[in-house]
Amino acid sequence: MKKTATRLADGRELIYYDARDDAVRDAVDQRPLDPISTRSEVRHDRLLGDDVAVASHRQGRTYLPPADECPLCPSRDGRLSEIPASDYDVAVFENRFPSLAGDAGRCEVVCFTSDHNASFADLTAEQAALVLDAWTDRTAELARLPSVEQVFCFENRGREIGVTLGHPHGQIYGYPFPTPRTRLMLRSLAEHRERTGRNLFDDVVADERSDGRRVVLDGEHWTAFVPYAAHWPYEVHLYPKRRVPDLTALDDGARTEFPQLYLEFLKRFDRIFGEGEPPTPYIAAWHQAPFTADDRDDFALHLELFTIRRTSGKLKFLAGSESGMNVFINDVPPEAAAERLREVASK
Ligand SMILES: [Zn+2]
C-alpha cells in the first residue's frame, strides 16, 4: 500500500491510498475555493447526558448531483471534483460540510473506488483490503489529534438512509468525546467484570457460538451472528476471534480474512428480499474503543451491519417508541433473520 498526503485548494487534507507502490499522485487542485468556514458546535443535553452537534452550514451541502457533477469522481476532461487526480484507488479527504470540525472533532469522506456506478459489494477482495488499510490508517492518524477521542468508520448505503451522493463512499467521524452507545457498552462491560470477573464481549460471542441459532458465518478469524436482541430487521455483528480494541490492533490473519467475508455479507444483504428488489439500504458501523478509556483494552472491535428495510418495499421507521423512548420494536425474530442470511449464501 502506498499513501500520498496532499492538500485541497481550501487547505483541507486529501490522502490517496494506492495498491501499487509506484503510483504517483501529484495533481494539484485547480478550483478557486473559498476557505471553509465551519460553525460546528457541540451542545450538551443536561437531562440525557449526551451531546448534539449543531452544524448550520450543512443545509447548503450537495444533494444527489447528476453523475457528471459528482464531487467524488476523479477530475477528468476539465471537470474538477474533490479529487484532483484523473484516477484513484481509495481516496480520503476532509469533508467540506463537516458535522464536527476544529475543537469539536473531524469528519472525513472515504471514496471506496473511482467507479461511480459500483457499490462496495462490487469491489474485489484486493480493493476491499485497501479500504480496510485506509480505515486502519485513519484510525491511527486521528488518534494523534487532541480533538478526537473516538474514531467511527461507517458507510450509509442507499437513499433510504439519507445518502446525498450516489458515488460509493463512506465516512469517518472523529468524535471529541466517547459516544453514548460506546459509553453504555463500557458500563455494561464494567458491571459484568465486577459481577463475574469475565469479559462481557467474550461471553456474548461465546454464548452465540455455543447456541448457534443466530450464527450466520463462523470463519477462521471472524464470527458473525445476528445478536440475541437485534434492534433492526436484519442485523449482523462481526467480531474478530482474537479480541482487539480497534482496527490498528487487528492481526494479519483477521485482516486477510475480512475482505472476502465482508463482501459476502454485503452480497447476502442484497439478496435478502429476493430478485428484482432494489439494492438493500444498509448501515455498516465499526465500533472501536475510545482512546483514553481506562478499560479500552477490554473493548472488542466489531462491525455492526444492518438494514432499515423490513420487507419488500417497506422500511422500518424510528417512530414513537424508538424515537420517543429508545425502545425498539423489531418485527423480524433474530433467529429468522439469521436463517434467511444463511439461505442466501453465495453458492
Ligand atoms: Zn462519482
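**Reading a zinc site and its salt bridges**

Biologist: What do the angles among the 4 donor atoms say about the site of the zinc ion?

Modeller: A donor is an N, O or S atom within 2.8 Å of the metal (3.2 Å for Na, K and Ca), and since water is not among the atoms, sites may look incomplete. Four donors count as tetrahedral if all angles lie between 85 and 135 degrees. Here the angles run from 102 to 118°, so the site of the zinc ion is tetrahedral. Please keep in mind that this is a predicted model, in which local features need pLDDT of at least 70 and side-chain atom pairs count only at pLDDT 80 or more, while totals for chains, interfaces and linings use all residues. Residues are numbered from 1 along each chain as its sequence is written, and side-chain values use heavy atoms, with hydrogens and water left out.

Biologist: Which protein atoms are the donors of the zinc ion?

Modeller: They are SG of C70, SG of C73, ND1 of H116 and ND1 of H167, at 2.0 to 2.3 Å from the ion. Along the sequence, these donor residues follow the spacing C-x2-C-x42-H-x50-H. C70 sits in the loop between β4 (50-55) and β5 (90-94), and H167 in the loop between β7 (150-157) and β8 (169-175), so the pair ties together parts that are 97 residues apart in sequence. Strands (E, at least two residues) and helices (H or I, at least four) are DSSP runs, numbered from the N terminus.

Biologist: Are C70 and H167 buried or exposed?

Modeller: Buried means under 20% relative accessible area, exposed over 50%, and partly exposed in between, using a 1.4 Å probe and protein chains only. Both C70 and H167 are buried.

Biologist: How many salt bridges does the count come to?

Modeller: Side chains of opposite charge can pair when their charged atoms come close. A salt bridge is a side-chain nitrogen of Lys or Arg within 4 Å of a carboxyl oxygen of Asp or Glu, and by this rule the count comes to 36. In one of them, D137 pairs with K3, their closest N and O atoms being 2.8 Å apart. Because D137 lies in helix α1 (residues 125-142) and K3 in strand β1 (residues 2-7), the pair ties together parts that are 134 residues apart in sequence. D137 is buried, at 15% relative accessible area, whereas K3 is partly exposed, at 34%.

Biologist: How far apart are the closest N and O atoms of E277 and R309?

Modeller: They are 3.8 Å apart in this salt bridge. E277 belongs to the loop between α4 (252-271) and β12 (282-287), and R309 to strand β14 (residues 309-311), 32 residues apart. E277 is buried at 18%, and R309 is buried at 2%.

Methods:
Four donors count as tetrahedral if all angles lie between 85 and 135 degrees; four count as square planar and six as octahedral if opposite donors are over 155 degrees apart and all others between 65 and 115; anything else is irregular.
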